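Hi,

Here is the structure I promised to pass on. Have a look at it first, and then read my notes underneath.

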Amino acid sequence: MMNPKVDAFLVKLDKWQAELSLLRSLLLEMGLEEDLKWSSPCYSHEKSNLVILQGFKEYFAILFFKGVLLTDTGKIFSKPGENTQSSRQIRFTHLEDILSKETLIKAYIQEAIEVEKSGAKVTLKKIEEYVIPDEFQNALEEDEALKTAFARLTPGRQRMYLTHFAEAKQEATRIARIEKNKNRILMGKGLGDCICGLSQKMPTCDGSHKHAR
């Protein structure tokens with residue numbers, strides 16, 4: 001069933017409106033539940049998130065949350081980031097990309113449903129296996145409060161920070177990211193958590209709270 005929040009989201013798009021609408025129709029055909037999460041159309045099976053639609057400057061995509069567990073028979077998956085463990089994207093640049101791969105896309109969606117039904121879980125690296133960038137290690141050693149606050153974060157939040165810091169190729173960028181997020185860590189918040197206190201349910205906060213009203 002079409003969710004009015006997704007209707008409103010698509011109407012406001014300046015780019016990829018027709019393309020994401022077509023992907024949306026394919027997902028709804030597969031009987032998935034539609035909602036707006038992380039400010040994007042998200043589709044679930046029996047309350048478990050399966051895929052989310054994404055629009056970027058150069059491409060748009062359908063992201064499978066447990067994509068690493070799918071067989072990728074068409075060899076069309078991309079990793080969203082170098083350190084991504086679980087999710088995988090199918091990227092597109094034209095409407096015709098969807099039309100030419102419609103059967104394959106539906107097969108991937110069906111496989112994702114079957115994986116979810118099976119109860120299969122993605123085995124993630126333990127937090128101890130992550131490399132802590134030198135710049136962040138130095139920050140932790142110099143600030144006991146920061147070290148304590150980081151240790152109290154959930155493993156998922158810790159992974160997000162370490163990945164975010166490590167992905168920066170330049171030392172200056174790593175240092176800037178660490179400085180920018182120190183207060184978040186001290187507050188016990190994750191990288192995408194709302195820190196203004198006004199948004200209780202949103203997983204991310206852009207300051208406007210337009211999706212919380």
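**The largest pocket**

The lining of the largest pocket is made up of 46 residues, and those nearest its centre are Leu63, Phe65, Thr84, Ser87 and Met160. Bear in mind throughout that this is a predicted model. The pocket holds about 1,700 Å³ of space. Two or more lining residues come from each of E2, E3, E6 and helix H7 (155–167), and H7 gives the most, with seven. Sorted by class, the lining has 19 nonpolar, 18 polar and nine charged residues.

**The sheet**

Now for the strands. There is an open sheet of six, in the order E1-E2-E3-E4-E6-E5, with antiparallel pairing. Strands E1 (33–37) and E5 (77–78) are at the edges and have a single partner strand each, so one side of each has no neighbour in the sheet. Further in, E2 (residues 40–45) pairs with E3 (residues 48–55) in the antiparallel sense, over four bridges. If you want a spot to zoom in on there, try Tyr43, which stands opposite Val51 in E3.

**Helices on the sheet**

Two helices to look at here. H2 (residues 17–29) lies across E1, E2, E3, E4 (60–64) and E6 (88–92), and runs at about 165° to E3. H4 (residues 102–118) also packs on the sheet, where it touches E2, E3, E4, E5 and E6, and its direction makes about 145° with that of E3.

H2 has a helix partner as well: its axis and that of H1 (residues 4–11) come within 10 Å and cross at roughly 155°. Angles over 145 degrees count as roughly antiparallel, and H1 and H2 are therefore roughly antiparallel to each other. On the H1 side the contact is made by Val6, Asp7, Leu10 and Val11, and on the H2 side by Gln17, Leu20, Ser21 and Arg24. By class that comes to four nonpolar, two polar and two charged residues.

**The cavity**

How many cavities of 30 Å³ or more does a search of the whole structure find? Just one, with about 60 Å³ of space in it. Its lining consists of Leu50, Phe64, Phe65, Lys66, Gly67, Leu70, Ala112, Val115 and Glu116. H4 gives the most to that lining, with three residues. The class split is six nonpolar, one polar and two charged. Phe65 is worth a click, as this residue lines the cavity and is also among those nearest the centre of the largest pocket.

Cheers

How values were computed
Residues numbered from 1 in each chain as written. Predicted model: local features only at pLDDT ≥ 70, side-chain atom pairs only at ≥ 80, totals over all residues. Heavy atoms only, no water. Pairing = 2+ DSSP bridges. Contact = heavy atoms within 4.5 Å. Axes fitted to C-alpha atoms, helices over the stretch in contact; angles between N-to-C directions. 1 Å grid on protein atoms, 1.4 Å probe; cavity = no way out; pocket = protein on both sides within 12 Å on 5 of 7 lines; lining within 4 Å. Points joined across faces, edges and corners; volume = space filled by probe spheres on them. Nonpolar A, V, L, I, M, F, W, Y, C, P; charged D, E, K, R; others polar. Parallel < 35°, antiparallel > 145°, perpendicular 65-115°, else oblique.
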